[in-house]
Amino acid sequence: MATQPKMLFVNLPVDDLDKTVTFFTALGFEFNPQFTDQNATCMILNENTFIMLLVNSFFQNFTKKSIADAKTITEAIITISADSREEVDQIVEKALAAGGTTSNPKMDEGFMYSWSFQDINGHLWEVVYMDQ
């Protein structure tokens with residue numbers, strides 16, 4: 001039997017939790033107050049997928065490795081889906097208006113359309129629409 005987890009939690013280190021919450025709130029994301037304090041917050045992507053945003057010093061408690069500086073090293077690309085090409089553009093435009101930067105130009109493969117940005121901590125986000 002294949003393993004099929006019921007939920008996904010992605011943990012990301014952040015420099016300033018308040019500024020990071022402000023950034024993602026501007027994109028329309030919500031947070032679970034039960035899992036929010038001065039060290040971390042739980043950003044809700046959907047009912048089963050969450051991004052845990054952890055202040056660097058708190059994040060360090062969970063690893064013996066050095067924390068990558070996402071502004072200079074790519075540690076991962078987080079891809080989220082959109083329901084249309086227009087929604088892809090809206091999400092990335094909100095990210096740019098909130099202080100993010102463009103990561104790659106728009107990509108149009110016909111059946112797949114994407115655009116990417118870096119959040120204020122340097123993490124890479126790709127927003128993709130796939131015409132099925």
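## Exercises on a predicted fold

Let's warm up with Leu45: its relative accessible area is 26%, so this residue counts as partly exposed (buried means under 20%, exposed over 50%, and partly exposed in between, with a 1.4 Å probe and protein chains only). Before you go on, note that this is a predicted model, where local features need pLDDT of at least 70, side-chain atom pairs count only at pLDDT 80 or more, and totals for chains, interfaces and linings use all residues. Residues are numbered from 1 along each chain as its sequence is written, and side-chain values use heavy atoms, with hydrogens and water left out.

**Exercise 1. Find the element that holds Leu45, and list what Leu45 touches beyond its sequence neighbours.**

Step 1: Look at residues 40-46. That stretch is strand β3, and Leu45 sits in it. (Helices, H or I with at least four residues, and strands, E with at least two, are DSSP runs numbered from the N terminus.)

Step 2: Skip the neighbours within four places in sequence. Leu45 is then in contact with Phe29, Phe50, Ile51 and Ile80, where contact means heavy atoms within 4.5 Å.

Step 3: Check one distance. Leu45 and Glu30 are 15 residues apart along the chain, and their C-alpha atoms are separated by 8.0 Å.

**Exercise 2. Work out the order of helices and strands along the protein chain, then check its overall dimensions.**

Step 1: Count the elements. You should get three helices and eight strands.

Step 2: Walk from the N terminus. The order reads β-α-β-β-β-α-β-α-β-β-β.

Step 3: Compare with the globule rule. For 132 residues, a compact globule would have a radius of gyration near 14 Å, and the chain's 15 Å agrees with that. The radius is taken over C-alpha atoms, and the rule is 2.2 Å times the number of residues to the power 0.38.

Step 4: Add the spans. Along the principal axes, the C-alpha trace covers about 45 × 45 × 30 Å.

Step 5: See how much is tucked away and how far contacts reach. Buried residues are 36% of the 132. Of the contacts with a separation of 6 or more, 51% are between residues 24 or more positions apart.

**Exercise 3. Which elements each supply at least two residues of the largest nonpolar core?**

Step 1: Set the rule. A nonpolar core is a set of buried Ala, Val, Leu, Ile, Met, Phe, Trp, Tyr and Cys residues joined through side-chain atoms within 4.5 Å.

Step 2: Pick out the hubs. The largest core has 25 residues, and Phe24, Leu27, Met43, Leu53, Phe117, Trp125 and Val127 have the most contacts inside it.

Step 3: Assign the elements. The suppliers of at least two residues are β1 (8-14), α1 (17-26), β4 (49-55), β5 (77-81), α3 (85-97), β7 (112-118) and β8 (124-130). With four residues, α3 gives the most.

**Exercise 4. Trace the ring pairs of Phe23 and say what parts of the chain the pair with Phe117 ties together.**

Step 1: Start with the total. There are seven aromatic pairs in the structure. Rings of Phe, Tyr and Trp (its six-membered ring) pair if their centres lie within 6.5 Å; planes under 30 degrees apart are stacked, over 60 edge-to-face, and the rest tilted.

Step 2: Take the pair with Phe24. Phe23 and Phe24 are edge-to-face, 4.9 Å centre to centre with 90 degrees between the planes.

Step 3: Take the pair with Phe117. Phe23 and Phe117 are tilted, at 6.3 Å centre to centre and 50 degrees between the planes. Because Phe23 lies in helix α1 and Phe117 in strand β7, this pair ties together parts 94 residues apart in sequence.

Step 4: Check burial. Phe23 is buried at 1% relative accessibility, Phe24 is buried at 0%, and Phe117 is buried at 1%.

Step 5: Widen the view. Ring pairs join Phe23, Phe24, Phe29, Phe117 and Trp125 into a cluster.

**Exercise 5. Is Asp108 buried or partly exposed, and what does Asp108 contact?**

Step 1: Locate Asp108. Its strand is β6 (residues 101-108).

Step 2: Apply the cut-offs. At a relative accessible area of 48%, Asp108 is partly exposed.

Step 3: List the partners. Leaving aside neighbours within four places in sequence, Asp108 is in contact with Arg85 and Tyr113.
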